[in-house]
Amino acid sequence: MWEDFINALNNFVRNKTRTFLSLLGVIIGVASVIVITSIGSSSTKQVADTFGSAGLDMVSITSGGMWRGRSAVSIKFNDTFRDNLFENVEDIKTIWYKNSLSATVTYGQTSNSVNCSAVETGYLQALGMELEDGGRYFNVSDNEEGTQKIILNHDTAESFFPAGDAVGKKILVVVSRVSFSFEVIGVLKEQTTGMENSSAYIPRGFYDKKISPNAEAATVMVQATSEDKTAGLIDKIKDYCTSLSGTDTSVSVTTMQTMIDQISSITTTLSTMLSAIAAISLLVGGIGIMNIMIVTVTERKQEIGIRKALGASPNAIRQQFLVESASITLIGGFFGVVVGILISLAVEYVQKQAYVINTNACIIAFVFSVFVGIFFGLNPASRAAKLDPVIALSGE
């Protein structure tokens with residue numbers, strides 16, 4: 001077989017243009033699969049990086065609500081619900097209440113509309129949201145007394161305080177046409193987390209006293225005792241809420257891991273579909289190889305006749321041409337993987353994303369390319385093996 005491979009390489013050198021065209025289809029097919037799967041894997045990693053690792057032990061509960069007859073079935077997120085949830089559901093470490101609001105923030109000549117979250121003490125720390133130097137989180141007094149303190153995210157702070165001197169400054173916050181003066185006590189570091197993306201944060205105690213007195217929470221954030229308890233906690237919360245409302249759709253319970261898995265699943269599905277489409281070009285390249293191999297068999301009839309006259313068996317002839325066909329796709333597959341990786345690197349560099357090579361996709365694409373060569377080379381090889389040596393030597 002090694003001798004057949006060396007002979008195949010010699011034939012490729014003698015027919016450079018034909019060999020290049022044969023390789024081109026395989027290279028394009030393999031490279032396309034590598035590029036698509038690598039970009040898909042990189043996108044999946046980017047999603048995971050965007051959500052971050054902090055907050056994987058957090059469960060979010062929001063009102064689902066549904067209509068039973070003519071009445072809406074819902075659960076009120078008040079103090080009673082918090083106490084009962086903690087008492088009746090295991091594996092809960094802490095429960096936070098949160099509300100969201102839109103506000104207009106003004107400092108000097110700069111004024112912007114921002115989405116703001118009213119949160120309780122310790123919530124930002126639990127999500128791993130770090131502060132820049134010189135700032136502080138909300139303390140117990142801020143929440144209990146409803147102080148007019150505010151924490152800005154990195155981008156919001158930069159838009160109002162490009163010099164980076166936000167902490168200690170007073171800003172005007174307008175909510176529902178009512179103006180409040182807030183002191184900036186902290187600026188969050190530039191970071192991302194899937195559970196929080198608000199522009200600013202205020203104590204929920206202030207929201208409860210000045211914005212919407214005795215308001216129910218819009219979102220309940222539950223921290224599990226450990227990350228491995230999170231999945232089970234989802235089911236326990238759903239079961240408890242179902243027992244309260246009589247319906248399993250009264251609340252929506254999600255986790256950051258759930259969101260990551262959903263997005264990753266969509267990305268993987270799209271990559272698989274596109275890879276399957278790209279693999280069609282490999283089949284097209286295989287058809288081209290079969291046509292070229294048929295021409296090769298026709299051109300080398302006399303060579304086949306001589307080999308048979310010297311005692312070569314049909315299996316030896318078949319193997320010779322199968323090795324030659326497989327060699328084309330083997331070489332094309334190798335260069336396809338290299339080209340695919342280089343293109344992927346270029347795309348990731350332009351998009352400024354972390355590059356992730358899909359090793360399994362490289363192996364599968366390479367093996368599939370060799371299989372294509374063997375499959376489409378089988379017919380020409382069988383034709384060569386069946387040639388009558390007399391007819392072959394005559395060149396007819």
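R177 is found in the loop between β7 and β8, and in this predicted model its phi is near 70°, a positive value in a residue other than glycine. S176 lies in the loop between β7 and β8 as well, and the phi of S176 is near 55°, again positive in a residue that is not glycine. Most residues other than glycine have a negative phi. As for solvent contact, R177 has a relative accessible area of 84% and is therefore exposed, while S176, with a relative accessible area of 67%, is exposed too.

The protein chain that carries this loop contains 13 helices and 11 strands. Of its 396 residues, 44% count as buried, and among contacts between residues at least 6 apart in sequence, 79% join residues at least 24 apart.

**Helix packing around α9**

Two packed helices are described by the angle between their axes and the distance between the axes. The table sets out these values for two partners of α9.

| Helix pair | Axis distance | Axis angle |
|---|---|---|
| α9 (residues 256-299) and α12 (residues 359-386) | within 9 Å | roughly 30° |
| α9 and α11 (residues 314-351) | 11 Å | about 140° |

The axes of α9 and α12 cross at roughly 30°, and because angles under 35 degrees count as roughly parallel, α9 is roughly parallel to α12. The crossing in which α9 passes α12 is right-handed. On the side of α9 the contact is made by A279, L282, L283, G286, I287, M290, M293, I294 and V297, and on the side of α12 by A365, F368, S369, V372, F376, N379, P380, R383 and A384. By residue class, this contact of α9 with α12 divides into 14 nonpolar, 3 polar and 1 charged.

With α11, α9 packs at an angle of about 140°, and that makes α9 oblique to α11. The crossing of α9 and α11 is likewise right-handed. Here α9 contributes I289, M293, T296 and V297, and α11 contributes F321, E324, S325, I328 and T329. The residues of the contact of α9 with α11 divide into 5 nonpolar, 3 polar and 1 charged. M293 and V297 of α9 are thus named in the contact with α12 and also in the contact with α11.

**Aromatic pairs**

The structure holds 10 aromatic pairs. In one of them, the rings of Y107 and F161 have their centres 4.4 Å apart and their planes at 50°, so this pair is tilted. Because Y107 belongs to strand β4 (residues 92-107) and F161 to the loop between α6 (154-160) and β7 (170-175), the pair ties together parts that are 54 residues apart in sequence. Y107 counts as partly exposed, at 28% relative accessibility, whereas F161 is buried, with a relative accessible area of 4%.

Another pair joins F182 and F206, whose ring centres lie 4.9 Å apart with planes at 80°, so that the pair is edge-to-face. F182 sits in strand β8 (residues 178-187) and F206 in helix α7 (residues 204-211), so the pair ties together parts that are 24 residues apart in sequence. Both F182 and F206 are buried.

Ring pairs also link F368, F371, F375 and F376 into a cluster. Of these residues, F368 and F376 appear among the residues of α12 that make the contact with α9.

Notes. Residues are numbered from 1 along each chain as its sequence is written. This is a predicted model: local features need pLDDT of at least 70, side-chain atom pairs count only at pLDDT 80 or more; totals for chains, interfaces and linings use all residues. Side-chain values use heavy atoms; hydrogens and water are left out. Axes are lines fitted to C-alpha atoms, for helices over the stretch in contact, and angles run from 0 to 180 degrees between N-to-C directions. Helices (H or I, at least four residues) and strands (E, at least two) are DSSP runs, numbered from the N terminus. Angles under 35 degrees count as roughly parallel, over 145 as roughly antiparallel, 65 to 115 as roughly perpendicular and the rest as oblique. A crossing is left-handed if the near helix is turned anticlockwise from the far one by less than a right angle, and right-handed if clockwise. Contact means heavy atoms within 4.5 Å. Ala, Val, Leu, Ile, Met, Phe, Trp, Tyr, Cys and Pro count as nonpolar, Asp, Glu, Lys and Arg as charged, and the others, Gly among them, as polar. Rings of Phe, Tyr and Trp (its six-membered ring) pair if their centres lie within 6.5 Å; planes under 30 degrees apart count as stacked, over 60 as edge-to-face and the rest as tilted. Buried means under 20% relative accessible area, exposed over 50%, partly exposed in between (1.4 Å probe, protein chains only).
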